[in-house]
Amino acid sequence: MIRRAFTMKLFPGFEEEYKKRHDRLWPELKDLLKNNGVHQYSIYLDKDSLTLFGVMQVEDPLLLQDLGEHPVMKKWWSYMRDIMDTNPDNSPVSVPLKEVFYLP
């Protein structure tokens, strides 16, 4: 398993809406992620900066390469674009983080 961490940015005033949408994560999106090797995916929020910190374990990063082309993922990104910083294709602006310490 490989750990991946990244940040994203939430728009002001949408903290509860972001949580609500993820509490009701679509089953087809959950299946898509699991079927593409995503495990133990968590997202944390820094309320002061509205920075979202995501961390997940992936079986193989190559399995994630085409995830953004899947209709379910595109639909989710479109659904989320009104509450967070996104790219022109509606994908969240995501900044990968470099791991500097790990205690197994």
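Contact here means that heavy atoms lie within 4.5 Å. The exercises below concern a predicted model.

**Exercise 1. Determine where L64 is placed, whether L64 is buried or exposed, and which residues beyond its sequence neighbours L64 is in contact with.**

Solution. Begin with the chain: L64 is placed in the loop between β3 (51-58) and α3 (71-80). Next, take the accessibility: residues under 20% relative accessible area are called buried, and L64, at 16% relative accessibility, therefore counts as buried. Then turn to the partners, leaving aside the neighbours within four places in sequence: L64 is in contact with R4, N36, V38 and V58. Finally, consider a pair of C-alpha atoms, those of L64 and G37, which are separated by 7.9 Å although the two residues are 27 residues apart along the chain.

**Exercise 2. Work out the strand order of the open sheet, and state which strands are its edge strands.**

Solution. The open sheet has four strands in the order β2-β3-β1-β4, and the pairing is antiparallel. The edge strands are β2 (38-46) and β4 (95-96), each of which pairs on one side only. To follow one of these edges in detail, take β1 (residues 2-9), which pairs with β4 in the antiparallel sense over two bridges; in β4, V95 is the bridge partner of T7.

**Exercise 3. Describe how helices α1 and α3 are oriented to one another, and which residues make their contact.**

Solution. The axes of α1 (residues 15-23) and α3 come within 12 Å and cross at roughly 155°. Because angles over 145 degrees count as roughly antiparallel, α1 is roughly antiparallel to α3. The crossing of the two helices, α1 and α3, is right-handed. On the α1 side the contact is made by Y18, R21 and H22, and on the α3 side by W76, Y79 and M80. Sorted by character, the residues of this contact between α1 and α3 divide into four nonpolar, one polar and one charged.

**Exercise 4. For Q40 and L50, state what phi is near, and where each residue is placed.**

Solution. As background, most residues other than glycine have a negative phi. Q40 has a positive phi, near 45°, and is placed in strand β2; with a relative accessible area of 60%, Q40 is exposed, since the cut-off for that class is over 50%. L50 likewise has a positive phi, near 60°, but is placed in the loop between β2 and β3, and at 10% relative accessibility L50 counts as buried.

Conventions
Residues numbered from 1 in each chain as written. Predicted model: local features only at pLDDT ≥ 70, side-chain atom pairs only at ≥ 80, totals over all residues. Heavy atoms only, no water. Pairing = 2+ DSSP bridges. Buried < 20%, exposed > 50% of the residue type's maximum accessible area, 1.4 Å probe, protein only. Axes fitted to C-alpha atoms, helices over the stretch in contact; angles between N-to-C directions. Parallel < 35°, antiparallel > 145°, perpendicular 65-115°, else oblique. Left-handed = near helix turned anticlockwise from the far one by under 90°. Nonpolar A, V, L, I, M, F, W, Y, C, P; charged D, E, K, R; others polar.
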